[in-house]
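Here are my notes on this one, written so you can follow along with the model open beside you. Take the points in order.

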Amino acid sequence: MTLDDLLPGFWLPPVRWSDIDLEAGVVRWRARHEKTGYEHTTPLTAEALAALEEARRISQGTGDAPLLPARRDPSVCVSRSLARGWWVRAEVIAGLEPKRGRGWHSLRRKFATDLMDLPLKVLCELGGWKNAQTVLRCYQKADEGQLRKALESRRRVRI
């Protein structure tokens, strides 16, 4: 079994320091790296900003340098296979059994499902989805708890 078997469709976008605006607290996702060609910015959490500030301090990353540089050539982004290896290593450290479909992309599915209560337009902007139908069709999954909560919250009509 190969890493591609474990993590099909695994992909990590080539983010560069010029895509990170620490003052504004946002990251830019370049259109040329998005399969839909949708360039957008996303606000960063306080934790992400702190981690990026620390990473910049340690690496002296600036300008068009990759956020995650390759070891042998720091002018290019880390390879897809190395990033997959990091994921597999993280699974081992966390004691998780390898599971088909789990990878960086599964985090997007979790993100969309966890934030299901947000207005769909807000969720699409945060996740960088150009089309709300994509979120509904591919990313969100209602669980039994959410379904039961929805049923319990409905207004009852008395006759």
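1. Let's start with surface. Accessible areas come from the Shrake-Rupley method with a 1.4 Å probe, and for residues, only the protein chains shown count as cover. Worked out that way, the accessible surface of the protein is about 11,500 Å², and carbon and sulfur atoms hold 56% of that.

2. Some ground rules. You're looking at a predicted model, where local features need pLDDT of at least 70 and side-chain atom pairs count only at pLDDT 80 or more, while totals for chains, interfaces and linings use all residues. Residues are numbered from 1 along each chain as its sequence is written, and side-chain values use heavy atoms, with hydrogens and water left out.

3. Now the fold. The protein has 7 helices and 3 strands; these are DSSP runs numbered from the N terminus, with helices being H or I of at least four residues and strands being E of at least two. Along the sequence the order is α-β-β-β-α-α-α-α-α-α.

4. How about overall dimensions? The C-alpha atoms of the protein fit in a box of roughly 75 × 40 × 30 Å along the principal axes. The radius of gyration is 19 Å, whereas a compact globule of 159 residues would come out near 15 Å. That radius is taken over C-alpha atoms, and the globule rule is 2.2 Å times the number of residues to the power 0.38.

5. On burial and contacts: 24% of the 159 residues are buried. Buried means under 20% relative accessible area, exposed means over 50%, and partly exposed is in between (1.4 Å probe, protein chains only). A contact means heavy atoms within 4.5 Å. Of the contacts with a separation of 6 or more, 50% join residues 24 or more positions apart.

6. Is Glu91 buried or exposed? Glu91 counts as buried because its relative accessibility is 5%. This residue lies in helix H3, and leaving aside residues up to four places away in sequence, Glu91 touches Leu96, Glu97, Pro98, Lys99 and Arg102. Gln133, on the other hand, is 42 residues from Glu91 in sequence and 31 Å from it in space, C-alpha to C-alpha.

7. Arg84 also sits in helix H3, which covers residues 80-94. Its relative accessible area is 9%, so Arg84 is buried. Check the distance to Gly103 too: 19 residues along the sequence and 8.0 Å in space, C-alpha to C-alpha.

8. Next, Trp29, found in strand E2 (residues 26-29). Trp29 is partly exposed because its relative accessible area is 23%. Not counting residues up to four places away in sequence, its contacts are Pro13, Val15, Glu34, Tyr38, Glu39, His40 and Thr42. With His40, the C-alpha atoms are 5.5 Å apart, and the two residues are 11 apart in sequence.

9. Pro13 is in the loop between helix H1 (3-6) and strand E1 (20-21). A relative accessible area of 24% is why Pro13 is partly exposed. Pro13 and Glu144 are 131 residues apart in sequence, with 33 Å between their C-alpha atoms.

10. Last, which residues line the largest cavity? They are Pro13, Pro14, Val15, Asp19, Arg28, Trp29, Arg30, His33 and Glu34. On a 1 Å grid over the protein atoms alone, a cavity is a set of points where a 1.4 Å probe fits but cannot get out, and lining residues have an atom within 4 Å of a point. The largest cavity holds about 50 Å³ of space, where a volume is the space filled by probe spheres set on the points, and grid points are joined across faces, edges and corners.

Notes: 1 Å grid on protein atoms, 1.4 Å probe; cavity = no way out; pocket = protein on both sides within 12 Å on 5 of 7 lines; lining within 4 Å.
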